[in-house]
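Notebook open, coffee poured. I wanted to look up two things today: the ligand site and the outside of the protein.

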Amino acid sequence: MATSAQRDGFTSTLGVLAATLGSAVGLGNIWKFPALTGSYGGAGFLLIYLCATLLVGLPVMIAELAIGRRARANPIAALKSLAPGRPWWLVGVTGMVAAFMIMAFYSEVVAWVFAYVWKSVEGSALSSEAAVTEGAFAALVSSPWQSLIWQWVVLLLIGGILLRGVSGGIEAVTKRLMPLLFLLLAALCVFSLTLNGAPQGLAFLFSPDFSKVDGSVVLTAVGLAFFKMSIGMGTMMTYGSYFRSDQNIPLTAGRVMCADLAVSLLAGIAIFPAVFTFGFEPTAGPSLVFITLPAVFAQLPFGQALMFVFFVLTSIAAIGAMLSLLEVPVLILHERLGMTRRRAIAVSLLVVGVLGAGCALSMNLLASWRVMGRSLFDLLDFLSSNVLLPIGGILIALFVGWVWGRDAFIAAVSNDGSRENRRLASSLVLVLRYVSPVLILLVMLNGLGVI
Ligand code: TRP
């Protein structure tokens, strides 16, 4: 088993920020956020999402990072060592299951994104007729081989980066890619704001309309906040275990939250003005990015180049997120089962490959196969965001608030007294004890139609 002396970790404050932000920023910002905001009426949804981020997302993220850094171990071992002899480590086990479930559908969407980078080089899939862009997307999704091969490309790339370790792989790659992502996104925004539909697009994003908001929409917003901040399943515990001892956890979490929010908003600013300019509906849902956007790009000057930039930046976002998802089972297999890192990566990729193939094929060969009225792809997406992550969030909040305890949490967050985070930490304990779990539970039961 790896000892703490040999343990790899992030080497600088910038590296910590890049990796953690790399985990948070992903398809959630560029694919889910605009699609959900578009479907649920724009700014009303955004406002609920903001509240969820602040009231539950940030405290749970700080809690996870603190647990991980204190224990300096994978989520299962971390919870075992902080609550010996009690079953809290099961949260780490469900986290690993959730990681596989998320990766199964996530890797398929990343596969489409990679395929679209290729399509934008070729110039295919670019047409001002929505029917044509729809056909191009349908052709990709309905081809079993194309779906699978692109998915394997994604998995091999992520596995290859993880093979180089935490500092040499995750940190080195995200440190280079994250600035590029901001640059590309900012360029797209500037361009989008010059279009005729800009005022309409901005109004859609920023003036609240609550008519489409009900219990299940609130749950979706809370689920999105969890998904966005990569919390509720041990990713942030895992990354916390790589934080340096002098790292300011609340400050880092706050920065990541703000930057992640900025990326979501910038993605909205890049997308909605363009969508409105050409008279498309913002409510296309998941296909907004793959069907509506190419039709929009086709009508813009330099459309092909813009499409290339857009899908490259989406790939960058997705890579950082996939790295953090895969690192969860890899570290568990490595530390708990004593596998070498190489073998842990191979085994994890195999599991994702099999589950992921199920998701990829649920759109073509296995399309008639439905569980609870949903395809495997939709089911895993729904279960992970709307059930597993919120339950994980409740348990982590309860663990810190009631089990690990106030003093231990304060000591962890204030770097054993060397940082002035004590006041903040003691209010956070109250939030984690009373506010976050109750809020998540109510939203969940209401959203699922139980109350
Ligand atoms: N936050 C990432 C995104 O927005 C996805 C992600 C990475 C994630 N790690 C996670 C979601 C852990 C839930 C849990 O795309």
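Entry 1, the surface. I started at L54, which I found in helix α3. Worth jotting down before going on: this is a predicted model.

I then checked what L54 belongs to. L54 helps make a nonpolar surface patch of about 660 Å², together with L55, W402, L430, Y434, V435 and L439. Which helices each supply at least two residues of that patch? I got α3 (43-71) and α18 (422-447). The largest share comes from α18, with 4 residues.

Entry 2, the ligand. Next I asked where the ligand sits, and the answer was the largest cavity. I listed the elements that give two or more residues to the shell around the ligand: α1 (13-24), α2 (27-39), α5 (90-122), α10 (215-228) and α14 (303-336).

I counted 17 residues around the ligand, and A24, G28, Y106, F227 and K228 come nearest.

Entry 3, polar contacts. I went through the ligand's oxygen atoms and noted these pairs.

- L27 has a polar backbone atom 3.0 Å from a ligand oxygen.
- G28 puts a backbone N or O atom 2.9 Å from a ligand oxygen.
- Y106 uses its side chain instead, with a polar atom there lying 2.4 Å from an oxygen of the ligand.

How much of the ligand does the protein bury? Taken alone the ligand exposes 360 Å², and I found 100% of that buried by the protein.

Methods. Residues numbered from 1 in each chain as written. Predicted model: local features only at pLDDT ≥ 70, side-chain atom pairs only at ≥ 80, totals over all residues. Heavy atoms only, no water. Patch = residues over 30% accessible without salt bridge, like charges linked within 9 Å, V, L, I, M, F, W, Y side chains within 5 Å. Areas by Shrake-Rupley, 256 points an atom, 1.4 Å probe, with all protein chains shown as cover. Salt bridge = Lys/Arg side-chain N within 4 Å of Asp/Glu carboxyl O. Near = heavy atom within 4 Å. Polar contact = N/O pair within 3.5 Å; in protein donor to acceptor, adjacent residues only side chain to side chain. 1 Å grid on protein atoms, 1.4 Å probe; cavity = no way out; pocket = protein on both sides within 12 Å on 5 of 7 lines; lining within 4 Å. Sits in = over half its atoms within 2 Å of the grid points.
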